[in-house]
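Work through the exercises below with the sequence and the model side by side. Try each task before reading its solution.

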Amino acid sequence: MDVLSNRDDKILHTLSVPIPTNEQKRLKILRDMNLIGSDPNDPNFDRFTSMLIRIFKIEYAFINFIDIEIVYTKSRSGKYDITFDRNNAFCSYVLIEQSDILVVRDLSTDERFKSNPFVNDLSYNDTDNNDKFRFYAGVALVVHGMKIGTLGMLDSKPRKAFSFDERMNLLDLGVALSAILSEQYDLSHSCLNERS
């Protein structure tokens, strides 16, 4: 199951973000789903980002899929309009979280992110008001045990708290979206198996 090309392997060794131990399996499932570069205008995904905006009163919501080098934004809501390089993507850290969820109430005080250009360099921020990002919360999107992306949110203001109920709401939305993605994966693979 060798899904990494020589180029991929070289890129993998230059990344500055933590890499999951199951990266090759994770990438195989992601790439089999053909999500990277797919049409970003999908109402099934957009409903989830719209819900995040309404439920959490957040500025930016997104669904990202994390490939070897880039993070592809499949859906976004609010003023957020960025596709991240994986080295600068907060969601890259969700891939290694055991709990499947990552909440950073103030990115500017977190050792992992305080030097991130989206936290401290306005030239990297592509939003209308050029605010620096301060708050991040994301939940893993899991297909057959592999974290292929995140349902996440950002805000220009830090949060004093993110309650247990808020965590559970975000986790529930992530599980629901993961179920849809898993069903799509299973359906596409059953069609492929029928053809062979």
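The exercises go from the whole chain to single pairs of side chains.

This is a predicted model, in which local features need pLDDT of at least 70 and side-chain atom pairs count only at pLDDT 80 or more, while totals for chains, interfaces and linings use all residues. Residues are numbered from 1 along each chain as its sequence is written, and side-chain values use heavy atoms, with hydrogens and water left out.

**Exercise 1. The elements**

Find how many helices and strands the protein chain has, and write down their pattern.

Solution. Start with the terms: helices (H or I, at least four residues) and strands (E, at least two) are DSSP runs, numbered from the N terminus. Counting them gives five helices and five strands. Next, read along the sequence: the pattern is α-α-α-β-β-β-α-β-β-α.

**Exercise 2. Burial, surface and contacts**

State what share of the protein chain is buried, and describe its surface and contacts.

Solution. Buried means under 20% relative accessible area, exposed over 50%, and partly exposed in between (1.4 Å probe, protein chains only). Of the 196 residues in the protein chain, 48% are buried.

For the surface, areas come from the Shrake-Rupley method with a 1.4 Å probe; for residues, only the protein chains shown count as cover. The accessible surface is about 9800 Å², and carbon and sulfur atoms account for 49% of that.

For the contacts (heavy atoms within 4.5 Å), take those between residues at least 6 apart in sequence: 64% of them join residues at least 24 apart.

**Exercise 3. A salt bridge inside one helix**

Locate the salt bridge between E23 and R26, and decide whether each residue is buried or exposed.

Solution. A salt bridge is a side-chain nitrogen of Lys or Arg within 4 Å of a carboxyl oxygen of Asp or Glu. The rule gives eleven salt bridges. In the pair asked for, the N to O distance is 2.9 Å. Both residues belong to helix α2 (residues 23-32) and stand three residues apart, about one turn of the helix. E23 has a relative accessible area of 3%, so E23 is buried. R26 is at 1%, so R26 is buried too.

**Exercise 4. Further pairs**

Classify the partners in the salt bridges R112 to D110 and E111 to K114.

Solution. R112 and D110 meet at 2.8 Å, N to O. R112 is partly exposed at 36%, whereas D110 is buried at 16%. E111 and K114 meet at 2.9 Å, N to O. E111 is exposed at 62%, and K114 is partly exposed at 38%. Elsewhere, salt bridges with shared partners join D8, R31 and D67 into one network.
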